[in-house]
Amino acid sequence: MPRLGAILVCLWAPGIVFAATLGGLLPGAEERGKATYRFLGLALYDARLFTPGGAEFSWSADFALELTYLRALSEYDLVEGTLREMKRNGGRPNLDAALYRCFDDVEKGDRFLAVTTGPDRVGFWLNGIQTCWLDGPGITRRFMEIFLGDKTRSRSFTRRLRGS
């Protein structure tokens, strides 16, 4: 029976690490909304938005976004896709090198967590391990508009994610 306990802990560990990371960075965080993002019919990731107390989404309050990947994607695809979407939303900041430090290849089931701390800072964790912080004027909105802005590729995805 001790082996079964160890196996169960290993299966639950990603959720425990996620909860501990999120709770320490965004006190009182509760899920606000969730959605699955699809590209050309293929499900790429499940997304969940967390706000303090599950409050309505606002750019003026800190929040967290979790992406659980439903397929493997390369670091290159993640970074270049992010830069393309940022450009499409109104400008491409010089973040290439920073994003390559933040992102890594993902496999099915991997989880990225992004947590904002004010308008000028976003932290990233991959499977509970901190990968980086992005700092700069307005970086929170510039980065997160990919998922939560008014010009996302899927308005229904964004509406569900925002819980509205």
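**Exercise 1. Which two residues form a disulfide, and how many Å apart are their sulfur atoms?**

Before starting, note that this is a predicted model, where local features need pLDDT of at least 70, side-chain atom pairs count only at pLDDT 80 or more, and totals for chains, interfaces and linings use all residues. Residues are numbered from 1 along each chain as its sequence is written, and side-chain values use heavy atoms, with hydrogens and water left out.

*Step 1.* Look for cysteine sulfur atoms within 2.5 Å, the cut-off for a disulfide. Searching the whole structure turns up 1 disulfide.

*Step 2.* The pair is Cys 102 and Cys 132, with sulfur atoms 1.7 Å apart.

*Step 3.* Check the hand: the S-S torsion of Cys 102 and Cys 132 is about 100°, so this disulfide is right-handed.

*Step 4.* Place the two ends. Cys 102 sits in helix H3 (residues 96-102) and Cys 132 in strand S6 (residues 129-135), so the bond ties together parts 30 residues apart in sequence. Helices (H or I, at least four residues) and strands (E, at least two) are DSSP runs, numbered from the N terminus.

**Exercise 2. Work out whether Cys 102 and Cys 132 are buried or exposed.**

*Step 1.* Get the cut-offs straight: buried is under 20% relative accessible area, exposed is over 50%, and partly exposed is in between (1.4 Å probe, protein chains only).

*Step 2.* Cys 102 has 1%, which makes it buried. Cys 132, at 10%, counts as buried too.

**Exercise 3. Lay out the sheet that contains S6.**

*Step 1.* Write down the order: S1-S2-S3-S4-S5-S6, an open sheet of 6 strands with antiparallel pairing. Two strands pair if DSSP finds at least two bridges between them.

*Step 2.* Find the edges. Strand S1 (29-39) and S6 each have a single partner strand, so one side of each has no neighbour in the sheet.

*Step 3.* Zoom in on S6. Strand S5 (residues 121-126) runs antiparallel to S6 and is joined to it by 6 bridges. Cys 132 shows up again here, as the bridge partner of Phe 124.

**Exercise 4. Compare the span of helix H2 with its expected value, then find its packing partners.**

*Step 1.* The expected span is 1.5 Å times one less than the number of residues. For the 14 residues of H2 (residues 75-88) that should be 20 Å, and the end C-alpha atoms are 20 Å apart, which agrees.

*Step 2.* Buried residues of H2 include Leu 78, Val 79 and Met 86.

*Step 3.* The buried residues of H2 pack against strand S3 (64-69), H3, strand S4 (111-116) and helix H4 (139-148); contact means heavy atoms within 4.5 Å.
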